[in-house]
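Welcome, and thanks for taking a look at this one with us. Below is a short briefing to read alongside the sequence and the 3D view.

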Amino acid sequence: MLTVRGVFKRYGQTVALAGVDLEVPIGHTVAVLGPSGSGKSTLLRVIAGLEPPDEGSVIWEGTDLSGIPTHTRRFGLMFQDYALFPHRDVAGNVGFGLRMARASTAEIDRRVAEVLDIVGLSDMGPRRVTELSGGEAQRVALARTLAPAPRLVMLDEPLGSLDRSLREQLVVELGDIFDRLESTVLYVTHDQEEAFTVADRVAVMRDGTLVQDATPERLWEAPAELFVSDFLGFSNRFAATAVDGRADLGWITVPVDVPDGPCQVVLRPDALIADDRGEIQAIVAGSVFRGDHYLARVDTDSGAQLSISLPTRPRVGDRLGIRLNPDGVLALLR
Ligand code: ADP
Ligand code: MG
């Protein structure tokens, strides 16, 4: 298990990491999810030993790694802006780490063929890297990271530069590869769908701290803070006051599970269901296509604005009935 304990890292006035605790069990994939500037890359650099932490420690299977140089940690890091070596072919790129470790030529050839096969590029060894598509280059970079058989694989926004459809395909492949290899993986991304697809657990990062570390299902069901629910894209959010387990939003009263006092009520996407006989009446103000659904903006008759997922495109001005599913109502205190 990788254990990160109480890690602080400052750059001048900037606190990049403000006390991070994180565990990655052997054979699991943990995603670190957060917006740009939240400290994700700094965390990977500290774990890799490329930067010493100001405080705290990085521990592998009970051994504190402070003072252990990067190249002897046997951790693989694929950078955000990874670059392939343009003058080497695919096999030359993939074998790089093994050559650095002075592996024999036979061993390098065997291992390069093996990892190229894993990433689905079996016959591409002799190909020039300047002749690869974006997705192929990404796979070569992954193969280069995997070749020395790192005991921890760290990927920093590995699919960031690819277009959406390729990203969706590759992230599924990555998840399969890590499952098959039983790799221990720390996967950094700012994309929640990517994190949910690839990881068993997702640690949400904000301003150098982890605000919630949970399974994708748990994050979705019960985001710990508004930052998390906002980041998940739960856009129906209302300031309210809880009284005896209920909160009056002005246009509807909902059950809430917080002590009496001010709170924020968040309606998860599953909280609002289009239903002609629903208790909420609204008029469609606009909609956007979201692939498998339409996200409509609606104005309720009582003056609230909501967004709701619909199976077909509504017309502006359409009247819509909406039913509230109380299971999708969240009340958060911060
Ligand atoms: P992320 O990867 O989540 O986008 P980073 O870890 O790159 O975030 O950065 C976290 C914070 O630390 C940012 O405010 C960034 O500007 C700052 N930072 C990161 N690296 C350096 C550095 N080498 N020098 C100064 N500031 C840095
Ligand atoms: Mg980064």
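The shell around ligand 1 holds three nonpolar, seven polar and two charged residues. Keep in mind as you browse that this is a predicted model. The notes below start at the ligand, move on to the helix beside its shell residues, and then turn to a sheet and two single residues.

**Around ligand 1**

- The shell is made up of Tyr 11, Thr 14, Ala 16, Pro 35, Ser 36, Gly 37, Ser 38, Gly 39, Lys 40, Ser 41, Thr 42 and Arg 45.
- Two backbone contacts are worth displaying: a polar backbone atom of Gly 37 sits 2.6 Å from an oxygen atom of ligand 1, and a polar backbone atom of Gly 39 sits 3.0 Å from an oxygen atom of ligand 1.
- A side chain takes part as well, with a polar atom of the Thr 42 side chain 2.6 Å from an oxygen atom of ligand 1.
- On its own, ligand 1 has 560 Å² of accessible area, and the protein covers 61% of that.
- Two elements, β2 (14-24) and α1 (40-48), each give two or more residues to the shell.
- Which element supplies the largest share of the shell around ligand 1? That is α1, with four residues.

**Helix α1**

- Why can α1 be called largely enclosed by the rest of the structure? Seven of its nine residues are buried, so the surrounding structure encloses most of it.
- The buried residues of α1 are Lys 40, Thr 42, Leu 43, Leu 44, Val 46, Ile 47 and Ala 48.
- Thr 42 therefore appears twice in this briefing, as a buried residue under the cut-off of 20% relative accessible area and as a side-chain contact of ligand 1.
- Just after α1 comes Gly 49, which takes a positive phi of about 85°.

**An open sheet**

- Five strands form an open sheet in the order β13-β12-β11-β14-β20, and their pairing is antiparallel.
- The edges are β13 (253-255) and β20 (329-332); each has a single partner strand, so one side of each is left without a neighbour in the sheet.
- From one strand to the next, the twist averages 40°.
- Within this sheet, β11 (residues 236-243) and β14 (residues 261-267) pair in the antiparallel sense over seven bridges.
- To find one of these pairings on screen, look for Phe 238, whose bridge partner in β14 is Val 265.

**Two residues to compare**

- Is Lys 9 buried or exposed? Lys 9 is buried, with a relative accessible area of 7%.
- Lys 9 belongs to strand β1 (residues 2-11), and a polar atom of its side chain lies 2.8 Å from the backbone oxygen of Pro 52.
- Arg 128, in the loop between α4 (105-118) and α5 (134-146), is exposed, with a relative accessible area of 51%.
- Although Arg 128 and Asn 93 are 35 residues apart in sequence, their C-alpha atoms are 9.8 Å apart in space.

**The protein overall**

- The secondary structure comes to nine helices and 20 strands.
- Of the protein's 334 residues, 49% count as buried.
- Taken along the principal axes, the C-alpha atoms fill a box of roughly 75 × 45 × 35 Å.

Definitions and conventions
Residues are numbered from 1 along each chain as its sequence is written. Chains are lettered from A and ligands numbered from 1 in the order in which they are written. This is a predicted model: local features need pLDDT of at least 70, side-chain atom pairs count only at pLDDT 80 or more; totals for chains, interfaces and linings use all residues. Side-chain values use heavy atoms; hydrogens and water are left out. A residue is near a molecule or strand if one of its heavy atoms lies within 4 Å of it. A polar contact is a pair of N or O atoms within 3.5 Å; within protein, one must be able to donate a hydrogen and the other to accept it, and residues adjacent in sequence count only if both atoms are side-chain atoms. Accessible areas come from the Shrake-Rupley method with a 1.4 Å probe; for residues, only the protein chains shown count as cover. Ala, Val, Leu, Ile, Met, Phe, Trp, Tyr, Cys and Pro count as nonpolar, Asp, Glu, Lys and Arg as charged, and the others, Gly among them, as polar. Two strands pair if DSSP finds at least two bridges between them. Axes are lines fitted to C-alpha atoms, for helices over the stretch in contact, and angles run from 0 to 180 degrees between N-to-C directions. Buried means under 20% relative accessible area, exposed over 50%, partly exposed in between (1.4 Å probe, protein chains only).
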